[in-house]
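Let's take a walk through this fold, starting with the sheet and working outwards. Keep the viewer open as you read.

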Amino acid sequence: PLPPLLPSGPDPHSPRGAMAGGTQHRVNVSTRRRNTTTLLLLFLLPFACSKSMPMRATSGSLRASLMRSRSASVAFQRKRSFRPFPSTSRCNPSTYRFPPSSGSGTRSFASVSGPVYDGPQGAPKVTLFTKEECTLCDRVVATLKQVHEKYPHSLDAVDITDTENEDWYNRYKFDIPVLHIEGQYFAKHTLSREEAEQGLSEALGGNFQPREGEPDSSKYDFKE
């Protein structure tokens, strides 16, 4: 007959074996608790963004981890939801005052009014109604630069947050960028290369016609 298999570890009936078995049992219990806490965090973390999430009977470490996750998520969402102009779903635009007349005499950004680039004498004049840190305005300028050589024109920027441009601010505050050609409405929000070429071609030929759909926020009375 084959000899009996010998245990690889210490004899569990000996004092040393009993001590080793107790240590291994404590390690296993600690590992299971740690794994359970990790699984709970992974399961509850998607709900940490919700302000209505109930904080029921949980361990102190789990509650602290969830509170830290919720605070970080709220701060991140506040940063993403920042808009230079108020949104109609978050506040009443009729109560939002024009920045220079707010009484403080200061403004958040520098004025961007002035010529962007010049064109040859007699070339059509394009006016861009914009403000500081307007990424859509930067895209419109890039499109106009692409067609500048083929359709010469000059481009001037009008910062609607300047004190003297309060009327333009009231009209275009929710729709910049807005473009004019020779003082007549041309486009808003975006501008494709085809649209730019067509508008400038008409202006160079002296038969530019203003487009329909010019925005005018001042004619709307926002009330709650």
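## The sheet

In this predicted model, five strands make an open sheet with mixed pairing, and their order is E1-E3-E2-E4-E5. Strand E1 (114–117) and E5 sit at the edges, each pairing on one side only. From one strand to the next, the twist averages 30°. As a reminder, strands of a sheet pair through backbone hydrogen bonds, in either a parallel or an antiparallel way.

Take the parallel kind to begin with: E2 and E3 run parallel and are joined by six bridges. Here lysine 125 stands opposite serine 154 in E3. E2 is mostly covered, with five of its six residues buried.

For the antiparallel kind, look at E4 and E5, which pair over four bridges. Leucine 179 has alanine 187 in E5 as its bridge partner. These two strands form a hairpin with two residues between them, and glutamate 182 in the turn has a positive phi of about 55°.

## A closer look at serine 154

Now click on serine 154, which lies in strand E3. Is it buried or exposed? Serine 154 counts as buried because its relative accessible area is 14%, and the cut-off for buried is under 20%. Skipping the neighbours within four places in sequence, serine 154 is in contact with Tyr117, Asp118, Gly119, Pro124, Lys125 and Val126.

## Helix H3 and valine 140

H3 packs on the sheet and touches E1, E2, E3 and E4. Its direction makes about 165° with that of E2.

Valine 140 is a handy residue to select in helix H3. With a relative accessible area of just 3%, valine 140 is buried. Not counting residues up to four places away in sequence, valine 140 touches Leu128, Pro177, Leu179, His189, Thr190 and Leu191. Thr190 is worth a second click: valine 140 and threonine 190 are 50 residues apart in sequence, yet 6.4 Å apart in space, C-alpha to C-alpha.

## The nonpolar core

Which residues touch the most other members of the largest nonpolar core? They are Leu144, Leu179 and Leu191, out of 28 residues in that core. At least two core residues come from each of these elements: strand E2 (125–130), helix H3 (135–146), strand E3 (154–159), helix H4 (166–172), strand E4 (178–181), strand E5 (184–188) and helix H5 (193–204). H3 supplies the largest share, four residues.

Try selecting leucine 191 and showing what surrounds it. Leaving out neighbours within four places in sequence, leucine 191 is in contact with Val140, Thr143, Leu144, Leu179, Phe186 and Ala196. Two of the names on that list, Leu144 and Leu179, also join leucine 191 among the residues that touch the most other core members.

## Helix H5

H5 has twelve residues and reaches 16 Å from its first C-alpha to its last, which is close to the 16 Å expected at 1.5 Å a residue. Just after H5 comes glycine 206, with a positive phi of about 80°.

Which residues of H5 are buried? They are Ala196, Glu197, Gly199, Leu200, Glu202 and Ala203. What do they pack against? The buried residues of H5 pack against E2, H3, E4 and E5.

## The whole chain

Zoom out, and the protein chain has five helices and five strands. From the N terminus on, the elements run α-α-β-β-α-β-α-β-β-α. Among contacts between residues at least 6 apart in sequence, 69% join residues at least 24 apart. The pair of valine 140 and threonine 190, 50 residues apart in sequence, gives you a feel for such separations.

As for coverage, buried residues make up 29% of the 224 residues in the protein chain. The chain exposes about 15500 Å², and carbon and sulfur atoms supply 54% of that area.

Notes
Residues are numbered from 1 along each chain as its sequence is written. This is a predicted model: local features need pLDDT of at least 70, side-chain atom pairs count only at pLDDT 80 or more; totals for chains, interfaces and linings use all residues. Side-chain values use heavy atoms; hydrogens and water are left out. A nonpolar core is a set of buried Ala, Val, Leu, Ile, Met, Phe, Trp, Tyr and Cys residues joined through side-chain atoms within 4.5 Å. Buried means under 20% relative accessible area, exposed over 50%, partly exposed in between (1.4 Å probe, protein chains only). Contact means heavy atoms within 4.5 Å. Two strands pair if DSSP finds at least two bridges between them. Accessible areas come from the Shrake-Rupley method with a 1.4 Å probe; for residues, only the protein chains shown count as cover. Axes are lines fitted to C-alpha atoms, for helices over the stretch in contact, and angles run from 0 to 180 degrees between N-to-C directions. The expected span of a helix is 1.5 Å times one less than its number of residues.
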